[in-house]
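Subject: A structure for you to explore

Hi there,

Here is the structure I promised to pass on to you. Have a look at it first, and then read my notes below.

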Amino acid sequence: MNDTIAFNRLADLLGSMGEPTRWQGGAIRTRGLCHGGTSPGTVAIRRGNNGGVVVYCHKCQGNADFLAAIGWTEADCYDEPLPQDERRHQRPADDTWIPCRDHGKDKGGPGHKRVAQYVYRDENGRTVHGVTRCDHKCFAQWRPDDTTKSGRRWSLNDKEGNRLVRVVPYRLPELLAAKENDRVIWIAEGEKDVHALVDRNLPATCNAAGAGRWTAEHASFLEGADVTIVADRDEPGQKHAVHVVDTLRGLARSVYVVQARTGKDAADHFAAGHYDTDFVQVWAPIPYPGDPAVGA
């Protein structure tokens, strides 16, 4: 199957959103997101006779509201994207919608609103991918795609699970500038904690998707750097810190691991009124030349 086919793109999107679907009568059937997710199977999605995808909600008796609910316009229903100048006017001024996976009533229903967005950029400041957070604490990752209404695709992988974008640490241009100026680089577990550190004029970074997702690719940008890792005060946080240390061995000049004096993470530490010098050092796996090692 070719993911340039609009039918396949829509099926993949519904899957990434966690929407229940079934095959019936030559069409994919799903619930009516256009009217609160009620009436399972009321939306029929099928391939068009001349290509593209045909979407019809039997309750709305149309497709406009359903397409709006998933962030699409009619332009996205064509196998071949419309020219840029034909679809630019269809871009929404409000791009706060994100495809949350949890659509239960207690979570506010589909189409939660974005409250934070973290953009991952390459060495030249170009957008590689982004992470959004909604008002119900859902997270969604996206990559730039000018063929869509919102200018993004809500997946970093193709349908076979192959990654389509580079792996880069958060705030890479700022990280490289700090390393050039021989400043200590702080590694936190998430973007919120990174910004808590940055707000105190501390160069900081992290990987997307939280604990356990740091890789050797992230570490490669820290060759020769002095690094301080803020480990969250829980088991996943401790394991994450150990893994980050392992990737930095033989690369970084020095690595220290600290924890918040109060609370779980960097944000809690600063919210309690502490300073960067108040973090508790728990491990010096790669001490600065001449400094003593401290066991974990």
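In what order do the five strands of the open sheet stand? Please keep in mind as you read that this is a predicted model. The order is β10-β9-β11-β12-β13, and the pairing in this open sheet is mixed. The edges are taken by β10 (204-205) and β13 (280-286); each has a single partner strand, so one side of each is left without a neighbour in the sheet. You can find the link between β9 (residues 185-187) and β10 by looking for two parallel strands joined by two bridges. There, W186 stands opposite A204 in β10.

Next, follow β5, β6 and β7. Strands β5 and β6 run antiparallel and are joined by seven bridges, with Y120 opposite H129 in β6. Five residues lie between the strands of this hairpin, and one of them to look at is G125, which takes a positive phi near 85 degrees. On to the following hairpin: β6 and β7 are also antiparallel, with four bridges, and R133 stands opposite F139 in β7. Four residues lie between the strands here, and K137 has a positive phi near 65 degrees.

Why is β6 described as largely enclosed by the rest of the structure? Seven of its eight residues are buried, and that is the reason.

The largest pocket is worth a visit too. Its space comes to about 900 Å³, and 33 residues line it. Those nearest its centre are F139, Q141, A208, A209 and G210. You will recognise some of the elements around it: β6 (127-134), β7 (139-144) and α5 (191-198) each give at least two residues to the lining. Sorted by class, the lining holds 13 nonpolar, nine polar and eleven charged residues.

Helix α5 has buried residues as well, namely E191, D193, V194, A196 and L197. These pack against β5 (114-121), β6, β9, β10, β11 (226-230) and α8 (266-271).

Finally, one residue to zoom in on is T30, in strand β2 (residues 27-32). Is T30 buried or exposed? Its relative accessibility is 1%, so T30 counts as buried, the cut-off being under 20%. The T30 side chain reaches the backbone oxygen of P20 at 3.0 Å. Beyond its neighbours within four places in sequence, the contacts of T30 include L14, E19, V43, I45 and F66.

Happy exploring!

Methods:
Residues are numbered from 1 along each chain as its sequence is written. This is a predicted model: local features need pLDDT of at least 70, side-chain atom pairs count only at pLDDT 80 or more; totals for chains, interfaces and linings use all residues. Side-chain values use heavy atoms; hydrogens and water are left out. Two strands pair if DSSP finds at least two bridges between them. On a 1 Å grid over the protein atoms alone, a cavity is a set of points where a 1.4 Å probe fits but cannot get out, and a pocket is an open set with protein on both sides within 12 Å along at least five of seven lines; lining residues have an atom within 4 Å of a point. Grid points are joined across faces, edges and corners, and a volume is the space filled by probe spheres set on the points. Ala, Val, Leu, Ile, Met, Phe, Trp, Tyr, Cys and Pro count as nonpolar, Asp, Glu, Lys and Arg as charged, and the others, Gly among them, as polar. Buried means under 20% relative accessible area, exposed over 50%, partly exposed in between (1.4 Å probe, protein chains only). Contact means heavy atoms within 4.5 Å. A polar contact is a pair of N or O atoms within 3.5 Å; within protein, one must be able to donate a hydrogen and the other to accept it, and residues adjacent in sequence count only if both atoms are side-chain atoms.
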